[in-house]
Amino acid sequence: MAAVQVGVVKEAAAGERRVALTPDAVPRLRDAGVDVLIESGAGTSAWFPDEDYAQAGATIVDPDALYARADIVLGVGQPPLDRLRDGQTVIGMLTPLLNPTLMAELAGRGITAISLDGLPRTLTRAQGMDALTSQTNIAGYKAVLLAADTFERFFPLLITAAGTSKPAAVLVLGAGVAGLQAIGTARRLGAVVRAYDVRPQSKGEVESLGAQFIELTSVEAGAGEGGYARALSAEEQAAQAAELAEHIAKHDVVITTAQVPGRRPPLMVTADTIKSMRAGSVIVDMAASDLGGNVEISQPGETIVTTNGVTVIGAANLPAQMPTSASNAYARNISALLLHLLDEGQLAIDLDDEIQRGVVITHDGSVVQPATAALLEGRA
Ligand code: NAD
């Protein structure tokens, strides 16, 4: 049988600088009997020139040839779906739960859609494929650098002949993957760091990074399923935001990362709380989204300076702002998944496999992933 052809697209979304496959991942795929096609310029904005891919054994092609020849199209976000051939396979972060009707359309065209964001995250054997974790980790790091760059004072304690500067006080709200990386990064820059999470299990992780864990009395422990937080009721959220307000006012920098899968992010920092912060303080809302974020006034992709001098940064696609590291990690994740999906060099969909059951969204003309199908049928 002919070798399977895998095509890597140049990302189309505005501001997206990542690429799905890096040159160092090409030989691994070739060893598994895969031919790799790269859309010319796909890696340029992440600093991977076409020549490096060619040297690694890939074929550089124009977009028409890519969509015509590839059996499997690899992307970071959604590739231009109108360019996909009926019957083709596409792998990327397709956010099926936000776009269930689009998934139904792909199913109707006989396209097999595979989404890395559906991966079961607690399976040890799937960890190397966990792009949500690898990209969120990068985002947590970048959020702190952005905050430090915007904050117009030192992060570390500095004692010089020109005086002493106190270390910055940084508060991280939500101590999952992004929050823990943010804590570690802010500590390495010399800040005094405190953190809060509704899951009490995170206390030990926060403390092991040298940060202090804040415990609130107004909210019951909020561990949900699969290591995630449960959604708090409106009353609980209001009580939490009220108790957090006094802590927030005492910090120079606040980084918010709280998410609940499939829900609007919890509102933790109200506009009133921001009014109580000192001029020069900085907030980075990593949960900022069109649905709203953790900070009442944040807007994704925008920086707002309030009348009392607080800069509120609504983060948008932070991993794309560190495209080289983000692409390196993503390439390892997507190659590991691709190799898992191949049997004797050919794509072998097997919905009895726990990993595939999570990531395969459409196949054989149907939406097969349970969570996406439930949304389409109005069951979720
Ligand atoms: P996430 O992005 O869904 O949420 C980020 C954090 O926000 C979580 O820690 C959550 O508890 C917190 N949060 C949500 N609502 C909150 C609220 N109202 N107040 C305060 N905090 C709130 O989560 P994540 O970062 O993807 O990971 C969450 C958990 O899953 C962690 O325990 C993580 O270690 C675990 N995880 C495990 C694996 C693995 O085993 N391979 C992979 C990824 C994540």
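Begin by selecting Ala 331, which is found in helix H10 of what is a predicted model. At 1% relative accessibility Ala 331 counts as buried, because buried means under 20% relative accessible area. With Ala 331 still selected, add Arg 357 and draw the C-alpha to C-alpha distance: the two residues are 26 residues apart in sequence and 21 Å apart in space.

Now extend the selection to the whole of helix H10, residues 323-341. At 1.5 Å a residue, its 19 residues should span 27 Å, and the C-alpha atoms at its ends are 26 Å apart, which agrees. Colouring the helix by burial brings up a list of buried residues that includes Pro 323, Ala 326, Ser 327, Ala 329 and Tyr 330. Further along H10, Asn 333, Ile 334, Ser 335, Leu 337, Leu 338 and Leu 341 are also among the buried residues. When reading such a list it helps to recall that an α-helix has 3.6 residues a turn, so residues three or four places apart point the same way.

Next, move to the loop between strand E1 (4-8) and helix H1 (26-31), and select Ala 20 there. Ala 20 is buried, with a relative accessible area of 0%. Adding Val 73 to the selection gives a pair that is 53 residues apart in sequence, with C-alpha atoms 9.9 Å apart in space.

Arg 18 has its place in the loop between E1 and H1, and is worth showing with its side chain. Is Arg 18 buried or exposed? At 8% relative accessibility, Arg 18 counts as buried. Two polar contacts can be drawn from this side chain: one of 2.8 Å joins Arg 18 to the side chain of Glu 16, and another, also given as 2.8 Å, reaches the side chain of Gln 135.

The ligand is the next stop. Select the residues around it, and 24 should appear, the closest being Arg 121, Val 177, Asp 197, Arg 199 and Gln 240. Sorted by class, this shell has eleven nonpolar, nine polar and four charged residues. Which atoms of the ligand lie by Gly 176, Val 198 and Arg 199? An oxygen atom of the ligand is 3.1 Å from a backbone N or O atom of Gly 176, while a nitrogen atom of the ligand is 3.4 Å from a polar backbone atom of Val 198. In the case of Arg 199, a polar side-chain atom lies 2.7 Å from an oxygen atom of the ligand. Taken alone the ligand exposes 820 Å², and the protein buries 86% of that.

From here, turn to the charged pairs. Side chains of opposite charge can pair when their charged atoms come close. A search of the whole structure finds twelve salt bridges, and the tour visits some of them.

Select Asp 86 and Arg 109, whose side chains meet in a salt bridge at 3.2 Å, N to O. Asp 86 lies in the loop between strand E4 (72-74) and strand E5 (89-92), and Arg 109 in the loop between helix H4 (100-108) and strand E6 (112-115), so the pair ties together parts that are 23 residues apart in sequence. The partners can also be compared on a surface view, where Asp 86 counts as exposed at 54% relative accessibility, whereas Arg 109 is partly exposed, with a relative accessible area of 25%.

For the last stop, select Arg 153 and Asp 252, the side chains of which meet in a salt bridge of 3.6 Å, N to O. This pair links distant parts of the chain, 99 residues apart: Arg 153 is in the loop between helix H5 (131-150) and strand E7 (158-160), and Asp 252 in the loop between helix H8 (234-249) and strand E12 (253-256). Arg 153 counts as partly exposed at 42% relative accessibility, while Asp 252 is buried, with a relative accessible area of 5%.

Keep Asp 252 in view and add Arg 278, which forms a salt bridge with Asp 252, their closest N and O atoms being 3.1 Å apart. Arg 278 sits in the loop between helix H9 (271-275) and strand E13 (282-285), 26 residues from Asp 252 in sequence. At 43% relative accessibility, Arg 278 counts as partly exposed. Showing Arg 153, Asp 252 and Arg 278 together completes the view, in which salt bridges that share partners join these residues into one network.

Conventions. Residues numbered from 1 in each chain as written. Predicted model: local features only at pLDDT ≥ 70, side-chain atom pairs only at ≥ 80, totals over all residues. Heavy atoms only, no water. Near = heavy atom within 4 Å. Polar contact = N/O pair within 3.5 Å; in protein donor to acceptor, adjacent residues only side chain to side chain. Areas by Shrake-Rupley, 256 points an atom, 1.4 Å probe, with all protein chains shown as cover. Nonpolar A, V, L, I, M, F, W, Y, C, P; charged D, E, K, R; others polar. Helix = DSSP H or I, 4+ residues; strand = E, 2+ residues; numbered from the N terminus. Expected span 1.5 Å × (residues − 1). Buried < 20%, exposed > 50% of the residue type's maximum accessible area, 1.4 Å probe, protein only. Salt bridge = Lys/Arg side-chain N within 4 Å of Asp/Glu carboxyl O.
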